[in-house]
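This report describes the strands, the ligand shell and selected backbone features of one model. The sequence and structure are shown first.

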Amino acid sequence: MSLPLSPAYDAWLSNGGTIVTASDRAARNLRNAFSRQRLSERVQAWPTPDILDWTALVLRAWSDCALDDRMVLNRAQEEFLWAGIVADHSGLTAFLPEARHRLAQEAMQAYALLSNFSPRHLDSSARKGWTLDKAAFSAWLTAFDAICRARNAVSPGRTALEIVPRLATDATVRPPLLLVGFDRLQPTQKAFLEAWGPWRFADAAEPARTAQYWSASDGLQELEGCASWCSHFLQDDPTRSVLIVSQEVAERRGEMERAFLEHLPGASSTAYEFSLGIPLDESPAPKANLLMLRWLTEPLEETAIDWLFSTGYASQAQAEKLALQAAMRSLRDAGLQRPNWTLAKWIQMASRKTPLPSEWTQRMQTAERRCAELASVSRQPSEWSEWTVSLQREMRPQGDHALSSAEFQAMRRWDEALDTCASLGFSGARISWREFLATLSRVMKETLFSPESEDAPVLITGPSEAAGLHADAIWFLGVNENSWPPTGKAHPFLPLQLQKDAGMPHADALQEWTLAEAMTARLMASAPIVQFSFARRSEAAEQRPSGIALKIAPLQSMLSARFPALVQDQTLSFRDAARIPLTAEEAAGGARILTTQSQCAFKAFATYRLGARGWNGGQPFLNHLQRGELVHAVLRSIWSGPPNGLLNSEDLQKRLPELETFVSSHVHRLVPHILRGNVEDWMPARYLDLERTRLTQLMTEWLEYESARMPFTVAGVEEPRPVSVAGLSLNLRMDRVDRLSDGSAFVMDYKTGEISPTEWRAPRPGDVQLPLYATFALPDQKLVGGLAFALVRAGKAKYAGHFTHPGETLFAGLRSSDALIKSPLTLAMLDEWRHCIEQLAVDYLGGRADVDPRKEMDTCRRCDLQALCRIRENRSLGDEVAEEDEVSPDA
Ligand code: SF4
């Protein structure tokens, strides 16, 4: 924002006056404008202008008045004291640190409200008669004042109040104050100013020449309309500035960034900036520091480790970063992912798969050992703070990653956060390492960080933070009936009538309306052009226009010629029909390649030719892949023939009397081998017991179903079978092939989810494994007696497929209405599948890769490649369907 300094402000400062702004941001803006003014006058040096925000003015007055030697608490110190009081005075919450600190923050707010709006209630005698939560707070407040007296400390919320008598009696001549951007004065502010001496409000500027009020159909259209309007406004004159005001900057930050990146000239992130920062624990470099420290003594979420490795903040050189990422990939490739990892376990498991960078391992293990030694006792917060710095050096002595300006500033705030934590030693308290980390995490959450302003032409801010800011145009987003005037809640720790009488925020609807009108008038006087807008539909509710905005301008629809980007589609579409044929004929992936080609050609190309795949995270329980793997392994073992398994229906009949015991022995033997990654280490033993029981019951039920079959012999279990389809070589592996009583082959595929033979229908089958095997893996199609999904599901075991003679080879006594009888296997079916499968192979070999999902909702929901094909950007998909399914052995 680079508007010139108002001549009136310049004159005030030149005459020895002080300018006081409502916000820190406004003070910085005015100081920058002052410097630009002097530079434009070719002045070489000038005295620092006396421009400061209200908080800085009060602290300066406190220091100048030298009232006494009491220490002004910082926010963390005050919260620490309140949290201690809450713990001493309450019951169960005392054992829940987060709840205790939330209550402490509420208490701090209530204390500041009383100090600023109703100081007489700081006296306990004025609080007699308060009941319930208010009475509890009143007791805390008495305790807080006593502790402050004992520790010779004072809350910053109380400083302005305490200075007033001193200012009133001190005859020192103080500079006159010019107040900029104040919508109203709190009673204590008024008393402070009266005691200070000369002061006045800055004259209001002329109200805006142009004011308009727009309605958009939804939030997205509103943002895009605003960004597109800003783009045109700035293109006409690039020296202009625009202030975007919104009450939802934190919630809609991502959407806003996308809209402005897309529409602003140059499409660069330097074209706009936010005045409201993000919590320090979301700023990458400090966030990484905290995660690394946590990892030394506690398990870290796998997603956090992924993030650390991918950003490079966990390593000190590019080679280390790549090696750590490769190690994480190798763990996933081996199916060893888990929800969280201790550092020791991660190093142990990852180093089994791939060599880890030895220096990184050594540094981390040394830091971990030091932590284990020192963290066993409680220490002063300042000791922990110093120790944190040395641990950081231990883990990452020097990186080859040069810090950007924003990272450098963020790291300065990280150092300040450590200093804040160290300052908790003022009370002499000793805390554990765990408590120190929790405090550091809390301080980071409460510290908002934004890089220094670079005078971007567009500044995005909140209505209160905009106080004192001026621009060439203002756009106020989200101005609807429910949000403007804003609706807030009265404070739960203070009596409602007291809040109303004292004029505290959110206590009275009329006061809220008056304050919102004052803020609107201030915005109207802050730019020659002011735009208001709102979305008619938000969060599935219809919204109506704000009465305050309607008093200023009539409502217009955003879909007009003023917003060309909204009414004209700027996208140029063209059909990309280029294909890159596959040169190698051999394809790793078996039948799954052609199934995928049928489901979506792009998915097949990306998966089997580009190696793209989803990044499946660990879960606290067995996932559908692991469960499917267990089912396959147990059935493979059971039908593996003598000495431990079964070979035919006769063997099965003999086992029926002790079937469950027989199955259970297979389950107990196999589970530890199949569940890799030592899941027993971290999954509850009772849960794994239940899984074993569930699997035993499922398998027993399935074998009971099979025992009703007509005589059969198992001819092969998961045997590899190479085939060639239209020149494409594949390696197939069927779950099981049985020899039926007429000598024909029955191929089956175990499934634990819902699936039907309609999935085989040409020309876009959803699954080709069985038809592919039946038409290409058997020497003669006349030998195919049947193909079916073996649906291994609790209470619903059955075969679903087609058989040439099901009544004579599968089950005796099938009814004519049975699906197996009604839809027998025919040579025509086999022919149709054969042609369809050949065409899929031809398409795959030819490089066909169009984004064309077979059934968009279903196919895309089960696919992890949305980020690559970008189908989500054009279509909205529902939530993922969690369905138990299995991995085909040839997948
Ligand atoms: S998400 Fe849908 S369109 Fe995209 S690759 Fe997967 S199946 Fe194809």
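## Strand β23 and its neighbours

M748 has A788 in β24 as its bridge partner. The chain passes from β23 to β24 through helix α30 (residues 769-777), and this β-α-β crossover is right-handed; the term means that, with the strands pointing away from the viewer, the path from the first strand over the helix to the second runs clockwise. Strand β24 (residues 784-791) runs parallel to β23, and seven bridges join them. Strands are said to pair if DSSP finds at least two bridges between them. Helices (H or I, at least four residues) and strands (E, at least two) are DSSP runs, numbered from the N terminus.

The model is predicted: local features need pLDDT of at least 70 and side-chain atom pairs count only at pLDDT 80 or more, while totals for chains, interfaces and linings use all residues. Residues are numbered from 1 along each chain as its sequence is written, and side-chain values use heavy atoms, with hydrogens and water left out.

On β23, strand β22 (residues 736-739) pairs in the antiparallel sense over four bridges. Within this pairing, D738 stands opposite F746 in β23. The hairpin of β22 and β23 has five residues between the strands, and G743 takes a positive phi near 85° there.

Strand β23 (residues 745-751) is largely enclosed by the rest of the structure, because seven of its seven residues are buried. Buried means under 20% relative accessible area, exposed means over 50%, and partly exposed lies in between (1.4 Å probe, protein chains only). In a regular strand the side chains alternate between the two faces of the sheet. Both faces of β23 are covered: A745, V747, D749 and K751 are buried on one side, and F746, M748 and Y750 are buried on the other.

## Strand β16

Seven of the ten residues of β16 (residues 529-538) are buried, so this strand is largely enclosed by the rest of the structure. Its pairings involve β7, β15 and β17, as the table sets out.

| Pair | Sense | Bridges | Opposed residues |
|---|---|---|---|
| β7 (residues 210-218) and β16 | parallel | eight | Y213 and F532 |
| β15 (residues 473-476) and β16 | parallel | four | W475 and Q531 |
| β16 and β17 (residues 541-542) | antiparallel | two | S538 and A541 |

## The ligand

The ligand sits in the largest cavity. A cavity is a set of points, on a 1 Å grid over the protein atoms alone, where a 1.4 Å probe fits but cannot get out; a molecule sits in it if more than half of its atoms lie within 2 Å of its grid points. Surrounding the ligand are C600, F602, K603, V851, P853, T859, C860, C863, Q866, C869 and I871, where a residue is near if one of its heavy atoms lies within 4 Å. The shell divides into eight nonpolar residues, two polar and one charged. In this division Ala, Val, Leu, Ile, Met, Phe, Trp, Tyr, Cys and Pro count as nonpolar, Asp, Glu, Lys and Arg as charged, and the others, Gly among them, as polar. At least two residues of the shell come from each of α24 (601-609), α34 (856-861) and α35 (866-869).

## Backbone features

Two cis peptide bonds involve proline. The bond from W484 to P485 is cis, with omega near 10°, and P485 lies in the loop between β15 and α19 (496-502). The bond from A762 to P763 is also cis, with omega near 5°; P763 belongs to the loop between β23 and α30.

L132 is a residue other than glycine with a positive phi, near 50°. This residue is part of helix α6 (residues 132-151) and counts as exposed because its relative accessible area is 75%. N152, likewise not glycine, has a positive phi near 55°. N152 is in the loop between α6 and β4 (153-154) and is partly exposed, at 32% relative accessible area.

## Loop residues and overall extent

P643, in the loop between α25 (624-638) and α26 (649-655), is exposed, with a relative accessible area of 74%. From P643 to M411 the C-alpha to C-alpha distance is 66 Å, and the two are 232 residues apart in sequence. A726 lies in the loop between β20 (720-725) and β21 (728-733) and is partly exposed, at 41% relative accessibility. A726 and L114 are 83 Å apart in space, C-alpha to C-alpha, and 612 residues apart in sequence.

The protein chain holds 35 helices and 25 strands. Of its 891 residues, 48% are buried. Along the principal axes, its C-alpha atoms fill a box of roughly 115 × 70 × 55 Å.

Note on methods
1 Å grid on protein atoms, 1.4 Å probe; cavity = no way out; pocket = protein on both sides within 12 Å on 5 of 7 lines; lining within 4 Å.
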